[in-house]
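Visitor: Please take one strand of this model and go through it closely. After that, place it beside some of the charged and nonpolar side chains elsewhere.

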Amino acid sequence: MSKGLPETRTDAAMSELVPEPRPKPAVPMKPVSINTNLLGYIGIDTIIEQMRKKTMKTGFDFNIMVVGQSGLGKSTLVNTLFKSQVSRKASSWNREEKIPKTVEIKAIGHVIEEGGVKMKLTVIDTPGFGDQINNENCWEPIEKYINEQYEKFLKEEVNIARKKRIPDTRVHCCLYFISPTGHSLRPLDLEFMKHLSKVVNIIPVIAKADTMTLEEKSEFKQRVRKELEVHGIEFYPQKEFDEDLEDKTENDKIRESMPFAVVGSDKEYQVNGKRVLGRKTPWGIIEVENLHHCEFALLRDFVIRTHLQDLKEVTHNIHYETYRAKRLNDNGGLPPVSVDTEGSHDSNP
Amino acid sequence: MAATDIARQVGEGCRTLPLAGHVGFDSLPDQLVNKSVSQGFCFNIMCVGETGLGKSTLMDTLFNTKFEGEPATHTQPGVQLRSNTYDLQESHVGLKLTIVSTVGFGDQINKEDSYKPIVEFLDAQFEAYLQEELKIRRVLHTYHDSRIHVCLYFIAPTGHSLKSLDLMTMKKLDSKVNIIPIIAKSDAISKSELTKFKIKITSELVSNGVQIYQFPTDDESVAEINGTMNAHLPFAVVGSTEELKIGNKMMRARQYPWGTVQVENEAHCDFVKLREMLLRVNMEDLREQTHSRHYELYRRCKLEEMGFKDTDPDSKPFSLQETYEAKRNEFLGELQKKEEEMRQMFVQRVKEKEAELKEAEKELHEKFDRLKKLHQDEKKKLEDKKKSLDDEVNAFKQRKSAAELLQSQGSQAGGSQTLKRDKEKKNFF
């Protein structure tokens, strides 16, 4: 599998060459666009409102996957992120309940609404990951699941009579939980991220970060980042998809502070007269949303408030397209109407 | 329509969860919008109408700017399409506007084929998009969408009814593009005539089954205004790029000796309504209809034409792989067949040529034989003649020798004979 993905996104720049439509129309399109000065208000910017109204009506899908060994606080974190009980915690561990022999994939969907925006959130849990004695290839079921979702979408897209809105079950974001050992990444972590960073957006997080002091945290983070770089693992936001300078500077800042060291909690406590989510310990209350205590707020803002749409777009425009290209290439190419093959049109009856 | 999508998915086993606090994904529409703004929007308008109805002027008026281009003459041999792309910027929104105009529409004597270049152009844009979508390596999100989103059909202000050319063209175009009919140069018609004209036009369109674009009324916020506007179709517009001072404001208007027609005055013409509907309220809906209705229809027809099916005769859905495998095998089979055919043809040709050559050879042989025979005959004849001549010569010689002999004998005997005769004669006396 080649690392180079099809094309970096380019802006619809002012004077870009309009591709020639085939077959030739009656009059060829002029390639250069002209900049014009306006003498009054036209109303083009109302398209923003129109677009916003339309998207609010259609609603959004978001599919997030959490991967990590059991006991790292995955379900708690997801519940904290979305401020509701989206995941049921595997809190009670009977001896009768066996550890799953292989990695299971459990997808649970909920509809949440806020401010008139309806979102169908699907949390995909992977119990059993990294829990066996021999963990070889335990990322395979996960990779298979992700590819299955791409396949489903591809099938729908290729249909002749297509649905107006194809249901999107593709995994938009994968939160990978790193154990807070304080040393470095485990081989399992590296293997997983190496295999999956090419098919899905991976956001590594350091789980249960309240076990590390500030210095340990920053050292650990640096080491993790270096290791990932050495192994050529690109986590989201990937450097190669930065569109312009603005994006690059913004994403650089985020990349510098990743992986986020998070603490999750769904219990509320009273601190300084306010009710906050936190963890109560004999030596104090760890406030989840306090930036001095942990980086949960950064993660939440990053994933939900600023980059949610971008996660979906990268999944759709890049990961899905890569899958599609590979799939169609393996199949012997498209039917003869494609311009990449011989381009013969003689299958017209 | 789409709000029920979520509801349907809810029905599929999801429950609605209450949120215990502010999560923050209500900024999602803003994120989406910001992305789109940075990419820029594109909008493609096509103006169809006879020469001289004011298409270019209306575009200039609509977008408040002077697009370049010269007016067309009436002497075009056929209908052509002229397309220009412009980049407009307003506040921080960039719009890539493409205006396609028909040149020479309605000028020919025989107008039967006038609609064809337009339909071909529309199909070509759909085809280009379909090709891009079917590519293996595609870049749809940066693809410059050239599909026509709206077609403004300019109706000549006769005041009576639609021309048959208009009806025919609109009928051909209504399944391929959103049509908004406009009455051009409507300052030529008086108010009362205008209402009658509009009623006549709409009834003619309905009775001929022409589907013009209806402004959507399913969203509460715009349902009301769209509903009222639907009743005002076709819009009667006046375009002007000249600005005149009226009162104490500069307005776009047309000045006549009997008064001034103000373009932006709703009592004078429907220009404001058109701008409102086209740009400020329904631009996004026009784009969506083009993609989800007209383009999907084209795609469906095109793929079915190419022999794709969603289900096989037993109505079991084909898997992607099967379809492509089948198609590929079919294609290879066809190639093989063609190759066979060509080979057969080649062999046939060779055979034919060989036969021809053989024929020629035979003929030559025959000729040669004939000639030879002739030659032989001649020779024989000559020999016969020679023989006979020889015979004659011999006979002559013989006779000559015999005659000589006789002569020589005769001269002897003749002498004696003559003596004898003389004696006999003498004896008689």
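Guide: What follows goes through one strand of chain A, then turns to salt bridges and surface patches.

The model is predicted. The strand chosen is β5 of chain A, residues 173-178, and it is mostly covered, with six of its six residues buried. In a regular strand, side chains alternate between the two faces of the sheet. In β5(A), A:C173, A:L175 and A:F177 point one way, while A:C174, A:Y176 and A:I178 point the other way; all are buried.

β5(A) has pairing partners in β2(A) and β6(A). Strand β2, residues 60-67 of chain A, pairs with β5(A) in the parallel sense over four bridges. Within that pairing, A:L175 of β5(A) is the bridge partner of A:V66. With strand β6, residues 202-206 of chain A, β5(A) pairs in the parallel sense over five bridges. Here A:C174 stands opposite A:I202 of β6(A).

Charged side chains come next. Over all chains, the structure holds 45 salt bridges. One of them joins A:K155 and A:E151, with the closest N and O atoms 4.0 Å apart. Both residues lie in helix α3 of chain A (residues 140-158), four residues apart, or about one turn of the helix. A:E151 counts as buried because its relative accessibility is 13%, under the 20% limit. A:K155 is partly exposed at 38%.

In helix α5 of chain A, A:E219 and A:R223 are separated by about one helical turn because they are four residues apart. They form a salt bridge with the closest N and O atoms 3.6 Å apart. A:E219 is partly exposed at 46% relative accessibility, and A:R223 is partly exposed at 35%. Chain A also has a network of salt bridges that links A:K83, A:E289, A:R300, A:D301 and A:R305.

Chain B offers a further pair, B:E204 and B:K200, whose closest N and O atoms are 3.5 Å apart in a salt bridge. B:E204 is buried at 15% relative accessible area, whereas B:K200 is partly exposed at 37%.

Two surface patches of chain B complete the account. B:E352, B:E356, B:E359, B:E363, B:E366 and B:D369 gather in a patch of negative charge. B:D369 belongs to helix α10 of chain B, residues 320-428, and is partly exposed at 46% relative accessibility. The nonpolar patch consists of B:F346, B:V347 and B:V350, with about 270 Å² of accessible area together. B:F346 is also found in helix α10 of chain B and is exposed, at 57% relative accessible area.

Note on methods. Residues numbered from 1 in each chain as written. Chains lettered and ligands numbered in written order. Predicted model: local features only at pLDDT ≥ 70, side-chain atom pairs only at ≥ 80, totals over all residues. Heavy atoms only, no water. Patch = residues over 30% accessible without salt bridge, like charges linked within 9 Å, V, L, I, M, F, W, Y side chains within 5 Å. Areas by Shrake-Rupley, 256 points an atom, 1.4 Å probe, with all protein chains shown as cover. Lys, Arg positive; Asp, Glu negative; His and termini not counted. Charge placed at Lys NZ, Arg CZ, Asp CG, Glu CD. Helix = DSSP H or I, 4+ residues; strand = E, 2+ residues; numbered from the N terminus. Buried < 20%, exposed > 50% of the residue type's maximum accessible area, 1.4 Å probe, protein only. Pairing = 2+ DSSP bridges.
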